[in-house]
Amino acid sequence: MRKLSLAVASALAACVLSASLPAFAADTSPDATMTIGIGITMNTLDPAQQNTTTVRNVLDYEVQTLVTFNERGELQPLLATAWEWSDSGDALTLQLREGVKFHDGTPFDAEAAKFSLGRLIDDRVSTPNGQSYQVIRNMEVIDPHTIRLDLEYPTADLLLALGDTVSAMMSPASVDAKGNSYENLQNPVGTGPYKLVRHMRGSQLVFERYEDYWGDKPYYKNVVLKIIPESNALEAGLRSGQLDLIMNPPVSDIAALQAQPNIAIIKAPSDRSVYLSFVTNKPPFDSREVRQALNYAVDKQAIIKNVMFDAVNLSDSPFAPSVSGYCKTGVYEYDPDKARQMLKDAGAEGIQVKLGTPRGRYTQDYEATQAIASYLRQVGVQVDIGTADWATYTADIFSVDRNPYNLFLLGWAPPAMDAMFQMTYFSKIGWPPNGVNGTFYDNPEMEAIFEKAQREIDDAKRNDMYCQIQKMIFEDAPWMFLWSQNLILAHNKNIEGISYQPNEKFVTIYARPKD
Amino acid sequence: MTGMTSATQQDPAAGAPAPMADDDAPAAPQDRFLRRFVSNRAATAGAIVLAILIVMALAAPWLSSWDPTLQDLSQAFQKPSAAHWLGTDNLGRDVLARIMYGGRYTLLIGVIAVAIAAAIGVPIGLISGYYGASVDMVIQRGADILLSFNAFLLALILVAVLGVGMQSVTIAAGIGVMPQFIRIARAEALSIRETDYVAAAVNFGSGSGRIILRHVLPNALTPVIVYATLNIGTTILVAAGLGFLGLGVQPPTPEWGSMLGEARSYIFHAPMQMTFPGLAIFLAVLSFNLMGDGLRDALDPELR
Amino acid sequence: MGAFINYCVRRLLAAIVTLLGVVAVLIFTFQVLPGDPARVIAGPMASAEAVAKIRDEMGLDRSAVTQYVEYVGKVLRGDLGTSPRTRVPVLDEIAERLPYTVALAVLGTLLGVILGVPLGVVAAVRKDRWPDTLGSIVGVAGISLPVFWTGILLIVLFAVTWKILPAGGADSPASYVLPSLTLGIFSMAIISRMTRSTMIEKLDEDYVRTVRGKGVREITATRHALRNAAIPILTVVSLQFGTLLGGAVLTEIIFSWPGIGRLLIESIQARDFPMVQGIVLIFAAMFIVVNFVTDILYTVVDPRVRLY
Amino acid sequence: MTDPLLSIRNLKVEFRSRMSTVQAVGGVDLDIYPGETVGIVGESGSGKSVTMLAAMGLLPRTARVAVSGQVLLRGQDLLQMRPRQLRQIRGRDMALIPQDPMTCLDPVLRVGVQLREALRVHQRLTRKQARARGIELLRTVGIPEPEKRHDQFPHAYSGGMRQRAMIAMGIANDPALLIADEPTTALDVTVQAQIMDVLRQAQQQTQACLALITHDLGLIAEMADRVVVMYAGCIVESGDVHTIFKRPRHPYTVGLMASLPQGGDERHPLVPIPGNPPDLGAIPGGCPFHPRCALAQGRERCSNELPLLRDVSAADAGHRSACHYFEEIHGSGQWSRLAQEQAS
């Protein structure tokens with residue numbers, strides 16, 4: 001017995017020692033590897049079929065879009081070097097980058113672009129986030145490196161949508177690759193700086209530098225993305241030096257991580273607004289005064305500080321700052337007396353609120369809801385909190401008449417940071433069952449402006465219209481405006497060049513060890 | 001599995017143990033008594049722990065001045081102190097109060113779930129064992145299907161159907177362990193069916209239902225009670241596991257499993273927060289297991 | 001030999017009936033599961049058309065009976081369908097992730113046997129003395145520990161405080177230590193309890209006295225008892241192994257383990273029915289195989305057991 | 001007279017529990033001389049098996065069992081021996097043939113393997129030699145087709161064959177002392193005689209002493225040279241087999257004989273001893289037999305004073321009795337009268 005336990009103990013010890021964890025020295029060998037921990041479950045690898053932000057982020061190593069965004073959310077050329085709108089605004093001509101090759105050797109040209117965009121508007125391909133591209137009526141290959149998109153109607157938002165990974169350029173030849181079909185490109189072949197060499201499901205994705213990449217080559221030969229859903233495990237991995245970069249560590253630890261000598265924190269603003277939806281087509285929230293009153297009743301600043309650990313930014317508009325057309329509308333400052341008075345004036349004292357929240361879907365969602373509930377109780381509102389797993393929750397809140405909640409927490413982000421997509425959270429077009437606007441907010445005046453704004457391709461005019469809309473929404477308060485999230489990145493301080501896009505994506509293409 | 005059953009029946013260990021088959025051995029009864037006594041000391045400890053947990057749960061309003069759902073964000077993540085004996089959680093709620101109130105849910109779920117399991121499983125098992133033949137075949141096939149999931153998995157799938165919440169979790173945990181009750185009751189019925197008094201009852205023309213109710217059930221009760229006690233722990237673990245995943249009793253209800261689930265986001269920031277709910281679950285399950293062991297030894301030393 | 005084949009065929013038929021039942025239960029269950037799976041899979045932002053397309057692909061509009069017949073037909077052709085979420089054949093994904101679950105189950109059970117059997121034997125041999133008391137405490141405590149708590153405690157100790165082991169993932173040998181230990185503690189407890197009680201019984205058997213009477217060393221007598229205790233111990237080990245195969249769900253979640261337990265939870269949460277169906281079917285099949293192997297092993301350890 | 005092979009002195013065995021202590025054997029003195037067969041008789045619970053198991057050190061070795069006194073084998077005290085020494089004696093110098101052959105063979109091992117184990121503990125034998133010797137032993141005890149039987153599992157054996165196999169195992173190392181614990185009790189009557197034959201032959205072949213534990217006086221009469229009668233953990237009478245049968249000097253012995261069928265003898269009707277053997281946790285004070293004894297009626301001494309084992313007479317060397325009033329018992333004719341008195 002003693003012998004046995006000794007044997008076991010020494011075996012365990014051997015395991016422990018063999019783990020000999022790496023220190024924080026960044027890998028500087030020629031075959032250097034950067035290891036990133038991500039906290040999601042992968043779904044499909046076909047960009048066109050994609051509907052998850054972080055999976056898009058992963059795919060960005062492999063595939064590239066025609067345009068992209070910088071850290072401020074401004075449009076940048078990528079595989080398209082230049083573009084031009086027709087005078088009427090219903091045709092977009094794009095100049096494509098020359099000398100670009102897909103990983104399978106196929107040259108990137110206008111035909112490839114036509115193929116890739118064509119899949120998005122083809123009924124045979126399932127494209128959950130393909131709405132933005134339905135406006136493309138026709139595609140003309142003008143020359144091998146010029147393509148013209150003819151649209152149903154003028155819309156500037158299409159250009160932004162071309163920056164969404166969903167519209168990434170795919171090698172037409174990859175249709176014949178193993179495991180692929182036209183409808184389903186599970187082994188995507190793109191033009192990105194890395195190529196996916198190994199996908200261990202549920203465990204990790206291994207990318208290797210693509211040596212024929214058209215642009216500046218990345219420093220790291222390999223990028224390994226480890227799939228670790230538990231944020232504690234991510235944090236432990238970073239702290240021990242096994243991971244170079246992690247996303248969304250537990251927010252309660254941000255301060256502590258920042259204090260670590262080897263770790264740096266990036267708070268990347270995102271386009272995701274977190275808010276509570278009032279169900280506005282039923283009492284008591286059919287009253288604007290009641291909705292405004294509740295907006296005044298909650299001390300969002302205090303919650304951001306105490307519950308959110310300053311991981312989020314207070315919303316000052318129905319749009320998050322990185323969404324195109326954003327304009328500042330203001331904040332409902334915490335004023336419980338005013339809230340009480342307004343409720344009294346509206347005859348809505350002691351109203352019943354059934355407050356719904358998901359758990360763990362958004363930063364501190366459930367915890368924040370609890371805090372909000374206690375503020376609401378302080379102004380005399382009776383709050384009953386309900387929660388459910390995500391599938392049940394979404395089924396509940398998107399039902400037309402069986403929603404058990406009359407106030408519920410959500411956090412949406414338009415994938416391409418376009419105003420049009422953001423508006424589906426406010427407009428009639430987004431009412432369930434067609435969309436995610438469970439508020440049933442109905443403002444004909446606003447809808448009219450929105451109608452015009454969608455077709456306006458002059459940036460200044462359009463932004464004006466959206467600004468008007470945002471002010472209307474702010475006044476009408478179909479939401480309790482809370483905050484916009486940040487993508488929290490924590491990384492090894494010895495690595496520089498880690499950046500982000502303001503749509504919850506990190507960018508490490510040009511990351512390298514500090515000298 | 002048919003094969004498994006037949007093998008178990010031939011199991012040499014299934015026979016009565018003979019501590020000393022020597023007819024000279026005067027030790028046997030004492031031996032058994034002794035064993036009973038020793039384990040009863042552990043069982044007593046279990047009963048005391050359980051009693052404390054029950055008293056804490058029932059008398060929570062008098063024992064603690066804290067409201068288990070009252071949050072005070074300025075007091076979040078406090079370490080244990082005179083005001084908060086076990087500290088506060090991420091929303092500044094008193095952990096001790098939450099654990100005391102939480103006992104109500106956790107213990108209740110455990111007991112009711114087992115009651116459900118026994119109420120469904122035992123009659124099915126008795127019928128299966130008593131009637132045998134094709135009835136038995138059909139029921140056993142069904143039980144096999146359920147047994148091919150383990151308790152937690154079964155409960156998990158059920159909760160997905162029933163939705164989250166105390167009621168669903170209780171039912172799910174109960175159904176989760178129910179197949180085992182079918183097995184136990186069936187085995188008992190099989191052996192009781194062969195006894196003389198059942199044969200006599202049949203001769204007297206008693207109906208099957210009457211025989212099952214009058215003769216089979218009372219005789220199967222001892223092992224079922226022992227098994228039920230030992231399974232309260234299991235159902236508590238299943239329910240707490242669901243709570244841990246966020247699929248159990250929903251917050252702000254201070255059920256221990258969901259408290260632990262909430263606390264796991266803070267293991268770096270406040271490792272203390274996950275310590276106490278886990279300890280509470282452990283103690284509750286332990287006390288039921290100790291009592292179950294004690295009962296088993298006292299009522300039926302041959303049962304394992 | 002003929003009898004053995006006959007027996008195997010009977011077992012196979014029973015297994016098929018069971019699996020058919022499992023599929024039926026699942027398909028019925030999915031009928032009543034709340035949440036529109038097509039909507040959940042397509043994502044909240046998806047257009048109504050995209051949702052309709054997925055609903056059609058999943059066959060959700062057809063009756064349960066039709067779905068059942070179609071599914072069974074596909075399974076017979078070795079096709080478990082395609083996950084609407086990952087767009088990958090269900091079987092491929094399971095095949096890739098199953099080994100992690102099996103590895104953990106094997107390690108957990110092995111640890112349980114290596115620690116649990118000696119513990120139980122020593123407790124039985126030294127009954128009513130301190131090793132027995134210690135063993136009994138370890139045993140009853142071990143089955144009372146919630147794995148999700150022990151798992152996190154181990155993470156706090158080894159990964160957070162001492163930083164000597166990874167907290168999650170499955171990429172180095174070291175990452176196997178904590179999850180196996182988490183499972184091993186429970187297995188050890190349950191196996192040691194069964195070993196102890198069976199051994200106490202067997203050590204008192206007449207044949208063990210006979211063996212002692214031959215003048216052999218005490219350990220030889222213990223070995224005889226242990227061999228006779230093998231069937232109950234084997235039963236609990238195989239049950240435990242089966243449970244771990246299908247039930248390391250919580251452990252896999254806590255340790256971000258890429259096994260099918262975690263996949264199952266993710267799939268239930270995402271209403272990925274083909275994946276759930278596939279995983280549960282595989283669980284059931286493994287359970288049947290484990291039982292079968294156990295029954296065969298019974299005949300090896302005890303010559304009196306006849307299966308056919 | 002030669003020295004005894006086995007000499008038990010003041011052997012006491014107690015089974016302890018937290019609540020009570022039970023004295024199973026209360027100070028037994030017993031000698032077994034080379035070549036002789038000693039019959040140990042008594043009812044269930046009289047301590048006869050426990051005495052011999054204690055002598056071999058085969059009682060459960062736990063804190064609950066306390067053994068004191070001396071068990072001298074060729075002058076060496078077995079109770080003081082270290083386990084390693086004791087092991088060398090067990091099976092080689094003294095071997096046990098246990099009571100119930102159905103439970104005494106390890107069910108999961110082939111009989112041959114169990115025989116081999118017995119052989120190879122004490123003898124340097126190769127596997128092959130052990131097998132040959134094992135088969136030979138099986139043949140010795142009269143098992144047909146020993147080659148085939150050697151490789152079978154116990155469950156393929158009948159009860160009688162299992163007992164033969166146990167005997168084979170017992171004599172495997174030519175022990176000096178065989179302890180046969182009710183070797184025939186569990187067997188059919190027809191098989192009993194055969195087994196006793198085998199046992200006798202085996203004993204003759206090995207020149208071993210035999211301690212035959214039984215409640216069957218008939219068997220004693222047939223086999224034993226000397227008899228020891230035990231009651232409630234004590235020896236109540238011992239002596240030469242002929243003497244005891246002719247002139248028992250203890251009421252319990254008398255009772256035992258009276259309860260023995262006497263082959264149609266009408267003058268000796270079958271008379272059971274009244275009452276039950278005492279609960280060992282509460283052995284009556286004085287003579288443990290007194291509540292059941294006809295001689296003890298109304299005598300205070302019997303219920304107050306524990307009678308010691310003493311010589312019956314100088315002439316009757318070795319005949320000892322533990323009855324205060326054994327003088328009142330004389331002649332076999334008195335059997336039935338006494339017995340009837342006891343019964344009434």
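Two residues are in contact if their C-beta atoms, placed from the backbone, lie within 7 Å. Keep that cut-off at hand for the exercises below, which work through a predicted model.

**Exercise 1. Overall form of chain A**

Task: Work out whether the radius of gyration of chain A agrees or disagrees with that of a compact globule.

Solution:
- Step 1. Start from the length: for 515 residues, a compact globule would have a radius of gyration near 24 Å.
- Step 2. Set this beside the value for chain A, 25 Å, which agrees.
- Step 3. Add the outline: along the principal axes, the C-alpha atoms of chain A fill a box of roughly 80 × 70 × 40 Å.
- Step 4. Look inside: 56% of the 515 residues of chain A count as buried.
- Step 5. Now use the contact cut-off. Among contacts in chain A with a separation of 6 or more, 69% are between residues 24 or more positions apart.
- Step 6. Finish with the secondary structure, which in chain A comes to 14 helices and 23 strands.

**Exercise 2. Three strands in a row**

Task: Follow chain A from S10(A) to S11(A) and on to S12(A), naming bridge partners on the way.

Solution:
- Step 1. Strand S10 (residues 194-200) of chain A pairs with strand S11 (residues 204-209) of chain A over 6 bridges, in the antiparallel sense.
- Step 2. Find one pair: Lys195(A) has Glu208(A) in S11(A) as its bridge partner.
- Step 3. Inspect the turn. The hairpin of S10(A) and S11(A) has 3 residues between the strands, and Gly202(A) there takes a positive phi near 75°.
- Step 4. Move on to strand S12 (residues 222-227) of chain A, which runs antiparallel to S11(A) and is joined to it by 5 bridges.
- Step 5. Here Phe207(A) has Val223(A) of S12(A) opposite.

**Exercise 3. Edges of two sheets**

Task: For each of two open sheets in chain D, one of 4 strands and one of 8 strands, find which strands stand at the edges.

Solution:
- Step 1. Read the order of the 4 strands, S2-S1-S4-S5 (chain D), where the pairing is antiparallel.
- Step 2. Strand S2 (21-32) and strand S5 (76-77) of chain D each have a single partner strand, so one side of each is left without a neighbour in the sheet.
- Step 3. Check the partner of S2(D): strand S1 (residues 6-16) of chain D pairs with S2(D) over 9 bridges, and Val13(D) has Val25(D) in S2(D) as its bridge partner.
- Step 4. Turn to the sheet of 8 strands, whose order is S6-S7-S8-S3-S9-S10-S12-S11 (chain D) and whose pairing is mixed.
- Step 5. Its edges are strand S6 (94-97) and strand S11 (310-311) of chain D.
- Step 6. S11(D) pairs with strand S12 (residues 320-321) of chain D over 2 bridges, in the antiparallel sense; Asp311(D) is opposite Arg320(D) in S12(D).

**Exercise 4. A helix and a contact surface of chain C**

Task: Compare the span of H5(C) with the expected one, then describe the side of chain C that touches chain B.

Solution:
- Step 1. Helix H5 (residues 90-125) of chain C has 36 residues, for which 52 Å is expected at 1.5 Å a residue; its reach of 50 Å from first C-alpha to last is close to that.
- Step 2. Look for a bend: H5(C) bends by about 35° at Arg97(C), with a proline, Pro99(C), following within four residues.
- Step 3. For the contact, count 51 residues from chain C and 50 residues from chain B.
- Step 4. On the side of chain C that touches chain B, H1(C) gives the largest share, 9 residues.
- Step 5. Sort that side by class: 31 nonpolar, 12 polar and 8 charged residues.

Conventions. Residues numbered from 1 in each chain as written. Chains lettered and ligands numbered in written order. Predicted model: local features only at pLDDT ≥ 70, side-chain atom pairs only at ≥ 80, totals over all residues. Nonpolar A, V, L, I, M, F, W, Y, C, P; charged D, E, K, R; others polar. Rg over C-alpha atoms; globule rule 2.2 N^0.38 Å. Buried ≥ 20, exposed ≤ 12 C-beta atoms within 10 Å, placed from the backbone. Expected span 1.5 Å × (residues − 1). Bend = angle between axes of the 7 residues up to and from the residue. Pairing = 2+ DSSP bridges.
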